[in-house]
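Q: Could you take me through one part of this protein in detail and show me how it fits with the rest of the chain? I would like to follow a single strand outward into its surroundings.

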Amino acid sequence: MENPRPEKVAVVNEVRERISAAEAVVITDYRGLDVPALADLRHQLREVGGEYKVYKNTLTRFAARELGLDLDEFLLGPTALAFTGTREDGSPGDAVSLAKALCRYTEDSQFLSIKGAVLDGQVLSADDVSALSKLGTRTEILAEILGLLEAPLAEMAGLLEAPLVEMAGLLDAPLVETAGLLESLSEKGGAAA
């Protein structure tokens, strides 16, 4: 850009910073989506910690090139970028949740399509984004790991508890027997009197 206007430089800087700061950026074609549909999409993305923004292709191309990314094939026609960010509860969004939300939306909408993505500095195809959407989210994977860690601990606790339960049963048996014997003697003594 020869003698670019300050506004354009600011947008290129914003796009560059957003791409480099985000875990994932999904590039979409939003041709045909009306304002209410875009508002609905933005709302769904906010729920998973995503943000949806439209930038001019030429300015996005400059920002991507400054980052060493070749996104030219994706930056044709109406293009919007979905960034991972922060959920409304303050927790971080993740690439899988963003991909799931966008793929779910494309199933319901004939207008939105996924062109490609950038994940941790690597350029992905639309098929890669679809595959990413089929993975478990960070929360789901953490829950699975915790379940795997908890199972052996629960088994160990059961194994350690078993001898104690058995010992208590052994100690309790003579007391029950003695109580039964005393009761039967008192019944016999009461009958003799």
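A: Happy to; here is a walk that begins with strand E1 and moves outward from there. Please keep in mind that this is a predicted model.

First, some orientation. The protein chain has 6 helices and 5 strands, and along the sequence they follow the pattern α-β-α-β-α-β-α-β-β-α-α. Of the 193 residues in the chain, 31% are buried. If you take the contacts between residues at least 6 apart in sequence, 76% of them join residues at least 24 apart.

Now to E1 itself, which covers residues 24-29. How much of this strand is covered? E1 is mostly covered, with 6 of its 6 residues buried. In a regular strand, side chains alternate between the two faces of the sheet, and in E1 both faces are covered. On one side you will find Ala-24, Val-26 and Thr-28, and on the other Val-25, Ile-27 and Asp-29, all of them buried.

Which strands pair with E1? E4 pairs with E1 in the antiparallel sense over 6 bridges, and Thr-28 stands opposite Ile-114 in E4. E3 also pairs with E1 in the antiparallel sense, over 5 bridges. In that pairing, Val-26 stands opposite Ala-82 in E3.

Val-26 leads us on into the largest nonpolar core. This core has 25 residues, and those touching the most other members are Val-26, Leu-41, Leu-45, Tyr-52 and Leu-102. At least two residues each come from strand E1, helix H2 (35-47), strand E3 (79-84), helix H4 (95-108), strand E4 (113-119) and helix H5 (126-133). H4 gives the largest share, 8 residues. Apart from this core lies another one of 17 residues, including Ala-64, Leu-71, Leu-81 and Phe-83.

Tyr-52 is a good residue to click on next. Setting aside neighbours within four places in sequence, Tyr-52 contacts Thr-28, which takes us back to a residue of E1. Its other contacts beyond those neighbours are Tyr-30, Leu-38, Leu-41, Arg-42, Leu-45, Ala-80, Leu-81, Ala-82 and Leu-112. Leu-41 and Leu-45 appear in that list and are also named with Tyr-52 among the core residues that touch the most other members. Leu-81, another contact of Tyr-52, belongs to the core of 17 residues.

Let us turn to the charged pairs. Side chains of opposite charge can pair when their charged atoms come close. The structure holds 7 salt bridges. One of them joins the side chains of Arg-18 and Glu-51, at 2.9 Å from N to O. Arg-18 lies in helix H1 (residues 6-21) and Glu-51 in strand E2 (residues 50-54), so this pair ties together parts that are 33 residues apart in sequence. Both partners are partly exposed: Arg-18 has a relative accessible area of 22%, and Glu-51 is at 38%.

Where does Asp-72 find its partners? The side chain of Asp-72 meets that of Arg-61 in a salt bridge of 3.3 Å, N to O. Arg-61 lies in helix H3 (residues 57-66) and Asp-72 in the loop between H3 and E3, so the pair ties together parts that are 11 residues apart in sequence. Asp-72 also meets Arg-65 in a salt bridge, this one at 2.9 Å, N to O. Arg-61, Arg-65 and Asp-72 are therefore linked in a network of salt bridges. Is each member buried or partly exposed? Arg-61 is buried, at 17% relative accessible area, whereas Asp-72 is partly exposed at 27% and Arg-65 is partly exposed at 47%.

Back at E4, the partner of E1, there is a backbone detail to look at. Asp-120, in the loop between E4 and strand E5 (122-125), has a positive phi of about 50° although it is not a glycine. Asp-120 counts as exposed, at 58% relative accessibility.

Finally, have a look at the outside. The chain's accessible surface comes to about 12,200 Å², and 58% of it belongs to carbon and sulfur atoms. Ile-141, Leu-142, Ile-145, Leu-146 and Leu-149 make a nonpolar surface patch of about 470 Å². Leu-142 lies in helix H6 (residues 138-192) and is partly exposed, with a relative accessible area of 41%.

Definitions and conventions:
Residues numbered from 1 in each chain as written. Predicted model: local features only at pLDDT ≥ 70, side-chain atom pairs only at ≥ 80, totals over all residues. Heavy atoms only, no water. Buried < 20%, exposed > 50% of the residue type's maximum accessible area, 1.4 Å probe, protein only. Contact = heavy atoms within 4.5 Å. Areas by Shrake-Rupley, 256 points an atom, 1.4 Å probe, with all protein chains shown as cover. Patch = residues over 30% accessible without salt bridge, like charges linked within 9 Å, V, L, I, M, F, W, Y side chains within 5 Å. Salt bridge = Lys/Arg side-chain N within 4 Å of Asp/Glu carboxyl O. Core = buried A, V, L, I, M, F, W, Y, C linked by side-chain atoms within 4.5 Å. Pairing = 2+ DSSP bridges.
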